[in-house]
Amino acid sequence: VKADLDLKSISVANIGGCALRTDGTAVCWGSNVFGANGNGSESLQLEPMTAVAGGLSFVEVQRGPNATCGTTKTGQSYCWGGNGVGQIGSANLYQTSVLKPALVDSNITFHSYALGSLHTCALDPSGKAYCWGMDLQGRLGVAAATVACNSTTYTSSGSPPIATTCSPSPVPVNTSLRFTDRKSVVSGPRVALGDRSILNHP
């Protein structure tokens, strides 16, 4: 990383990355089409020299394909970037690109974020998993009838349109399992929990 920064952690996705400085400042770089760098613009950023907007102090930041999420030192959860199907977790910003950190619709202090291209998952302090975004093919881990959101039609490459629903706010995954850390939660293109993940539960 070409930057004179004192970094505590780095999180990268296929189109960019974010890092957490030792003072709690978050910096992001790379493709910024949906505002995933969180600096108030959608311009490409080649180096991590501009801090995420808002003057927030983070303890965790995780970058995904289209969005980024983090938890502040005060225990608040924020996300920013692409929100076309609710990946940010802020219902009042549903179907918009969120260029700066927005509070997730919950008073839960989330951690261990895992971001897919169309959905996001995270853990609460007890290890219970929550997800938000598109529920296509059951990605949120909840019964479709419990997901309160506008209907969305999704078309994958070479496939006919699929009518589905999504949740712009966090919903609890329908399981009694409790997970211990980010290794337990992986959000890939088609899964949230299980495939490509290590289930660390008591």
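## Exercises on a predicted fold

S112 has its place in strand β8 (residues 111-115). Helices and strands are DSSP runs, numbered from the N terminus: H or I over at least four residues for a helix, E over at least two for a strand. This is a predicted model, with residues numbered from 1 along each chain as its sequence is written. Local features need pLDDT of at least 70, side-chain atom pairs count only at pLDDT 80 or more, totals for chains, interfaces and linings use all residues, and side-chain values use heavy atoms, with hydrogens and water left out.

**Exercise 1. State the confidence of the chain and find a stretch with pLDDT below 50.**

Step 1. pLDDT is the predictor's confidence in each residue, from 0 to 100. Its mean over the chain is 82. Of the residues, 79% reach 70 or more.

Step 2. The pLDDT is below 50 over residues 188-202. This stretch has 40 contacts in the model beyond near neighbours in sequence. A contact means heavy atoms within 4.5 Å.

**Exercise 2. Work out the strand order of the open sheet and name its edges.**

Step 1. Two strands pair if DSSP finds at least two bridges between them. Four strands make up the open sheet, ordered β4-β5-β6-β7, with antiparallel pairing.

Step 2. β4 (58-63) and β7 (97-103) each have a single partner strand, so they stand at the edges, and one side of each is left without a neighbour in the sheet.

Step 3. On average, neighbouring strands of this sheet are turned by 10° against each other, direction ignored. Axes are lines fitted to C-alpha atoms, for helices over the stretch in contact; angles run from 0 to 180 degrees between N-to-C directions.

Step 4. Take one pair. β6 (residues 77-82) joins β7 through four bridges, in the antiparallel sense. C79 stands opposite A102 in β7.

**Exercise 3. Which residues other than glycine have a positive phi, and are they buried or exposed?**

Step 1. Fix the scale. Buried means under 20% relative accessible area, exposed over 50%, and partly exposed in between (1.4 Å probe, protein chains only).

Step 2. Q95 has phi near 65°. Q95 lies in the loop between β6 and β7. Its relative accessibility is 48%, so Q95 counts as partly exposed.

Step 3. S112 is not a glycine either, yet its phi is positive, about 55°. S112 is buried, at a relative accessible area of 7%.

**Exercise 4. Place two loop residues, N32 and G64, and list their contacts.**

Step 1. N32 is in the loop between β3 (26-30) and β4. At 2% relative accessibility, N32 is buried. Residues up to four places away in sequence do not count here; N32 touches N37, G38, N39, S41, E42, S43 and L44.

Step 2. G64 belongs to the loop between β4 and β5 (67-72). G64 is buried too, with a relative accessible area of 1%. Neighbours within four places aside, G64 contacts A13 and L115.

Step 3. Check a C-alpha distance. G64 and V12 are 52 residues apart along the chain, and their C-alpha atoms are separated by 7.3 Å.

**Exercise 5. Which members of the largest nonpolar core touch the most other members?**

Step 1. A nonpolar core is a set of buried Ala, Val, Leu, Ile, Met, Phe, Trp, Tyr and Cys residues joined through side-chain atoms within 4.5 Å.

Step 2. The largest core has 23 residues, and F110, Y113 and W132 touch the most other members. Strands that each supply at least two residues include β2 (16-21) and β10 (129-134). β6 gives the largest share, three residues.

Step 3. Another core lies apart from this one. That core has nine residues, among them C121, C131, V171 and F179.

**Exercise 6. Count the aromatic pairs and classify F58 with W80 and F110 with Y130.**

Step 1. Rings of Phe, Tyr and Trp (its six-membered ring) pair if their centres lie within 6.5 Å; planes under 30 degrees apart are stacked, over 60 edge-to-face, and the rest tilted. The count is three pairs.

Step 2. For F58 and W80 the centres are 5.8 Å apart and the planes stand at 55°, so the pair is tilted. F58 is in strand β4 and W80 in strand β6, 22 residues apart. Both F58 and W80 are buried.

Step 3. F110 and Y130 are edge-to-face, at 5.4 Å centre to centre and 65° between the planes. F110 sits in the loop between β7 and β8, and Y130 in strand β10, 20 residues apart.

Step 4. F110 is buried at 1% relative accessible area. Y130 is buried at 14%. F110, Y130 and W132 form one aromatic cluster.
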